[in-house]
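The following exercises concern a protein chain and its bound ligand. Please work through each task with the sequence and the coordinates at hand before reading the solution.

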Amino acid sequence: MRIDVVSIFPEYLAPLDVSLVGKARAKGLLDVRLHQLRDQAHDVHRTVDDTPYGGGPGMVMKPEPWAAALEAVAPPDGEGVPRLIVPTPSGRPFTQELAVELASEPWLLFAPARYEGIDRRVIEDAATRMRVDEVSIGDYVLAGGEVAVLVMVEAVARLLPGVLGNAESVRDDSFAPGAMANLLEGPVYTKPAEWRGREVPPVLLSGNHGAIARWRRDQALRRTAENRPDLLERLTSGDVDKHDRAA
Ligand SMILES: NC(=O)c1ccno1
């Protein structure tokens with residue numbers, strides 16, 4: 001997978017050099033390229049923003065530098081077309097399901113905005129050439145989209161074959177498609193079996209895989225009921241025993 005990020009703060013994406021994503025890049029599983037938006041602003045101050053039409057606070061990111069930056073990354077007559085992801089509080093929710101979908105894309109291009117956002121015409125113009133998703137990582141406002149890019153790149157990269165040491169752990173993720181869809185992951189334990197007077201649940205030491213699986217699902221249902229009752233509403237009645245729902 002190729003990932004391009006255009007930003008006025010490409011240094012904000014430095015964490016993509018370390019840990020899981022850094023190792024994936026070193027293994028050649030991920031090709032991450034960072035681009036400075038200001039390189040496409042040719043006035044003496046390399047200006048990328050201006051006052052908003054219609055008035056109001058803040059500044060809006062100008063269309064010309066962004067259009068030039070996106071076309072420099074993905075020339076209209078070039079080979080292949082990226083999927084453009086624009087982080088914004090007003091976007092569709094970023095979910096594990098969307099992360100799985102994006103992990104199947106060969107090329108993602110992220111356009112994190114600063115200020116009050118990017119002139120709308122940039123999105124409309126790009127949509128004539130590539131798929132554009134405006135995506136929110138949560139119901140809050142950040143100073144810029146770079147942090148959202150870090151979140152999305154990590155969530156997507158860990159799903160790529162060969163990135164995680166144990167591909168099985170993706171299957172049991174919270175929200176993972178399949179058995180865990182709409183369920184939070186339950187508690188986890190490791191050695192020692194007793195620590196500060198607290199014992200590991202005996203079922204986890206039993207070696208009874210069926211009982212362990214049932215216990216884990218029960219714990220997932222309980223944690224979901226406690227922390228995200230809204231998710232339980234999405235589960236079909238067949239998934240959740242009435243007793244568990246009331247738990
Ligand atoms: N909530 C978000 O995804 C976001 C992106 C930029 N600012 O906030």
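The model is predicted.

**Exercise 1. Describe the overall make-up of the protein chain.**

Solution. Begin with secondary structure: the chain contains 9 helices and 9 strands. Next, take its extent; the C-alpha trace spans about 70 × 40 × 35 Å along the principal axes. Then turn to burial, where 40% of the 247 residues are buried. The exposed surface of the chain comes to about 14100 Å², and carbon and sulfur atoms supply 53% of it. Finally, consider the contacts between residues at least 6 apart in sequence: 70% of these join residues at least 24 apart.

**Exercise 2. Characterise the surroundings of the ligand. Which residues surround it, and which backbone atoms lie beside its polar atoms?**

Solution.
- Step 1, the shell. The ligand is surrounded by P87, T88, P89, S136, I137, G138, Y140, V141, L142 and G144. Strand β5 (residues 83-93) gives the most to this shell, with 3 residues.
- Step 2, the classes. The shell holds 6 nonpolar and 4 polar residues, and no charged ones.
- Step 3, the polar atoms. An oxygen atom of the ligand lies 2.8 Å from a backbone N or O atom of I137. A polar backbone atom of G138 is 2.9 Å from a nitrogen atom of the ligand. For Y140, a backbone N or O atom lies 2.9 Å from a ligand nitrogen atom.
- Step 4, the cover. On its own the ligand has 250 Å² of accessible area, of which the protein covers 96%.

**Exercise 3. Locate the nonpolar cores. Which element gives the most to the largest one?**

Solution.
- Step 1, the principle. In soluble globular proteins, nonpolar side chains tend to be buried together.
- Step 2, the membership. The largest nonpolar core has 28 residues, and I3, L30, F94 and F110 have the most contacts inside it.
- Step 3, the elements. Two or more residues each come from β1 (2-7), α1 (19-26), α3 (96-102), β6 (107-110) and α5 (146-157). The element that gives the most is α5, with 8 residues.
- Step 4, one residue in detail. Leaving aside residues up to four places away in sequence, F110 touches I3, D4, V5, V6, I85, V149, M152 and V153.
- Step 5, the other core. Apart from the largest core lies another, of 22 residues, with I8, A69, L84 and V122 among them.

**Exercise 4. Examine three backbone features. Where do they lie, and are the residues with positive phi buried, partly exposed or exposed?**

Solution.
- Step 1, the expectation. Most residues other than glycine have a negative phi, and most peptide bonds are trans.
- Step 2, the peptide bond. From K191 to P192 the bond is cis, with omega near 10 degrees. P192 belongs to the loop between α6 (168-171) and β8 (194-195).
- Step 3, R46. Although R46 is not a glycine, its phi is positive, at about 50 degrees. R46 is placed in the loop between β2 (31-36) and β3 (49-50). Its relative accessibility is 33%, so R46 counts as partly exposed.
- Step 4, R196. This residue is likewise not a glycine, and R196 has a positive phi of about 50 degrees. R196 sits in the loop between β8 and β9 (198-199). The cut-off for an exposed residue is over 50% relative accessible area. R196 has 74% and is therefore exposed.

Terms used:
Residues are numbered from 1 along each chain as its sequence is written. This is a predicted model: local features need pLDDT of at least 70, side-chain atom pairs count only at pLDDT 80 or more; totals for chains, interfaces and linings use all residues. Side-chain values use heavy atoms; hydrogens and water are left out. A residue is near a molecule or strand if one of its heavy atoms lies within 4 Å of it. A polar contact is a pair of N or O atoms within 3.5 Å; within protein, one must be able to donate a hydrogen and the other to accept it, and residues adjacent in sequence count only if both atoms are side-chain atoms. Accessible areas come from the Shrake-Rupley method with a 1.4 Å probe; for residues, only the protein chains shown count as cover. Helices (H or I, at least four residues) and strands (E, at least two) are DSSP runs, numbered from the N terminus. Ala, Val, Leu, Ile, Met, Phe, Trp, Tyr, Cys and Pro count as nonpolar, Asp, Glu, Lys and Arg as charged, and the others, Gly among them, as polar. A nonpolar core is a set of buried Ala, Val, Leu, Ile, Met, Phe, Trp, Tyr and Cys residues joined through side-chain atoms within 4.5 Å. Buried means under 20% relative accessible area, exposed over 50%, partly exposed in between (1.4 Å probe, protein chains only). Contact means heavy atoms within 4.5 Å.
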